[in-house]
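Hi everyone, thanks for coming. I'd like to walk you through a structure that's probably new to most of you, so let's get it up on the screen.

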Amino acid sequence: MPDAIPSTEAYLMLSGTLFAVGLVGVIIRRNMITVLMAVELMMNAVNINLVAFSHRFASLEGQIFAIFIITVAAGEAAVGLAIIIQLYRLKSSINVDDARSLNG
Amino acid sequence: MSPALLVFALVGTVAVAASILVVAMRNPVHSALFLLLTFLCVAVLFVMKDAEFVGAVQVLVYAGGIMVLFLFVVMLINVRHLPDERVLSNFWKGGFAVGLAVFILFFTLVRPGVYHDPVSSDKALRSTYTYRHRKVKQPDGTVVRKLIRRGKVVGNSEAVGMALYTDYLVPFEVASLFLLVAMIGAIVIGKRELSAIEEENVPAYMLERVETEHAVKGGMGA
């Protein structure tokens, strides 16, 4: 079998692992930049899923959706980092638990 | 073990290890560099599933654009890291619990052998389609117009581009509008507005520039 490529399950397990790691990062970290990086990690895990299923069902839709997700991730990173910069000017800190002015 | 499986095992292990290090590193610059490694590994995984264009976009946009943005902001903010500062938030126990639950959920749902992989042909991922009507003569003599789909095998990039500009034209344009809105939003949010007190204390070089502008304008008016 010269070109036995890894199965869809292997891709799904890898993507699930990356998603779980990203989720843990979003919840446990205090540094807001690292939280945003963990969100990017989760988006990448979803993209792996989409591409794997695109190959599994021999259909191009999964790849198109992956490209749109990458676009949204770029916009989200730009706006999120702008918010972080503004928050740093306001609070001189980028820890998530310092930004609780609205928390009554 | 075939070479493809070997590459998958290697790249997948590196990707998972690097992603754990992204979350675990104390310094955001180190996190960003491990995130770059993760993105490159994921690009390799995309190419292995016949998604060459998505892999290229992954390298260009993620590794080239978003990472530079992250590194810029990390260096712009330049937070001093005290060695005894807490890294974990107050919810870290719940966070680990939720992460473990999601991990177990995925691994119980995705058992090996759930999806019987067919003898996959990647031809559909490399084909563009044209449609046209053709008159077909039925056996009983009537002539019927039928829609004929004709596939042409090209490359993955051409197939994706064709799909983006035909079937997905409206989402594509909406995405471009989204990027415009995100760009304007990022500029407006990130812009620094000087307060009245700060305007009195602006550094000398900024005042010099204002004076030069006044002089230039006065010279033009005279």
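When I say helix or strand today, I mean a DSSP run: at least four residues of H or I for a helix, at least two of E for a strand, numbered from the N terminus. And please keep in mind that this is a predicted model.

Let's start with chain A. How many helices and strands does chain A have? Three helices and zero strands, so going by those DSSP runs, the order from the N terminus is simply α-α-α.

Now the overall shape. The C-alpha trace of chain A spans about 60 × 25 × 25 Å along its principal axes. The radius of gyration of chain A is 18 Å, where a compact globule of 104 residues would come in near 13 Å. Even so, 60% of the 104 residues in chain A are buried. And if you take the contacts in chain A between residues at least 6 apart in sequence, 45% of them join residues at least 24 apart.

Look at helix 2 of chain A for a moment. Helix 2 of chain A has 25 residues, and from first C-alpha to last it reaches 37 Å, close to the 36 Å expected at 1.5 Å a residue. Is helix 2 of chain A mostly covered or mostly open? Mostly covered: 21 of its 25 residues are buried.

Right after helix 2 of chain A there's a little oddity. A58(A) sits in the loop between helix 2 and helix 3 of chain A, and its phi is near 50°, a positive value in a residue that isn't glycine. As background, most residues other than glycine have a negative phi. A58(A) counts as partly exposed because it has 15 other C-beta atoms within 10 Å.

On to chain B. The domain assignment gives domain 1 (3–81), domain 2 (122–191) and domain 3 (194–222) of chain B. The centres of domain 1 and domain 2 of chain B, taken over C-alpha atoms, are 30 Å apart. Where those two domains touch, domain 1 of chain B gives four residues and domain 2 of chain B gives five residues. On the domain 1 side of that contact, you get two nonpolar, two charged and no polar residues.

Helix 2 of chain B is the next thing to find. Helix 2 of chain B has 21 residues and reaches 30 Å from its first C-alpha to its last, close to the 30 Å expected at 1.5 Å a residue. Just after helix 2 of chain B comes D50(B), with a positive phi of about 60°. D50(B) isn't a glycine either, and its place is in the loop between helix 2 and helix 3 of chain B. Why does D50(B) count as buried? Because it has 22 C-beta neighbours inside 10 Å, and the cut-off for buried is 20 or more.

For an exposed residue, go to L10(B), which is in helix 1 (residues 3–24) of chain B. L10(B) has 12 other C-beta atoms within 10 Å, so it is exposed. The C-alpha atoms of L10(B) and C41(B) are 9.5 Å apart, though the two residues are 31 residues apart along the chain.

So, how do the two chains meet? The contact takes 80 residues from chain B and 66 residues from chain A. On the chain B side, the elements giving two or more residues are helix 1, helix 2, helix 3, helix 4 (92–109), helix 5 and helix 6 of chain B. Helix 3 of chain B has the largest share of that side, with 14 residues. By class, the chain B side has 59 nonpolar, 16 polar and five charged residues.

Last stop, the core. The largest nonpolar core has 73 residues, and I33(A) and M37(A) have the most contacts inside it. Both chains feed this core: among the elements supplying at least two residues each are helix 1 (8–28), helix 2 (32–56) and helix 3 (61–91) of chain A, plus helix 5 (156–165) and helix 6 (169–190) of chain B. The core also draws at least three residues from each of domain 1 and domain 2 of chain B.

And which residues does M37(A) contact, leaving aside neighbours within four places in sequence? V22(B), S31(B), A32(B), L35(B) and F70(B). That's my tour, thanks for listening.

Note on methods
Residues are numbered from 1 along each chain as its sequence is written. Chains are lettered from A and ligands numbered from 1 in the order in which they are written. This is a predicted model: local features need pLDDT of at least 70, side-chain atom pairs count only at pLDDT 80 or more; totals for chains, interfaces and linings use all residues. A nonpolar core is a set of buried Ala, Val, Leu, Ile, Met, Phe, Trp, Tyr and Cys residues joined through C-beta atoms within 7 Å. Domain bounds come from an automatic or database domain assignment. Two residues are in contact if their C-beta atoms, placed from the backbone, lie within 7 Å. The radius of gyration is taken over C-alpha atoms; the globule rule is 2.2 Å times the number of residues to the power 0.38. Ala, Val, Leu, Ile, Met, Phe, Trp, Tyr, Cys and Pro count as nonpolar, Asp, Glu, Lys and Arg as charged, and the others, Gly among them, as polar. The expected span of a helix is 1.5 Å times one less than its number of residues.
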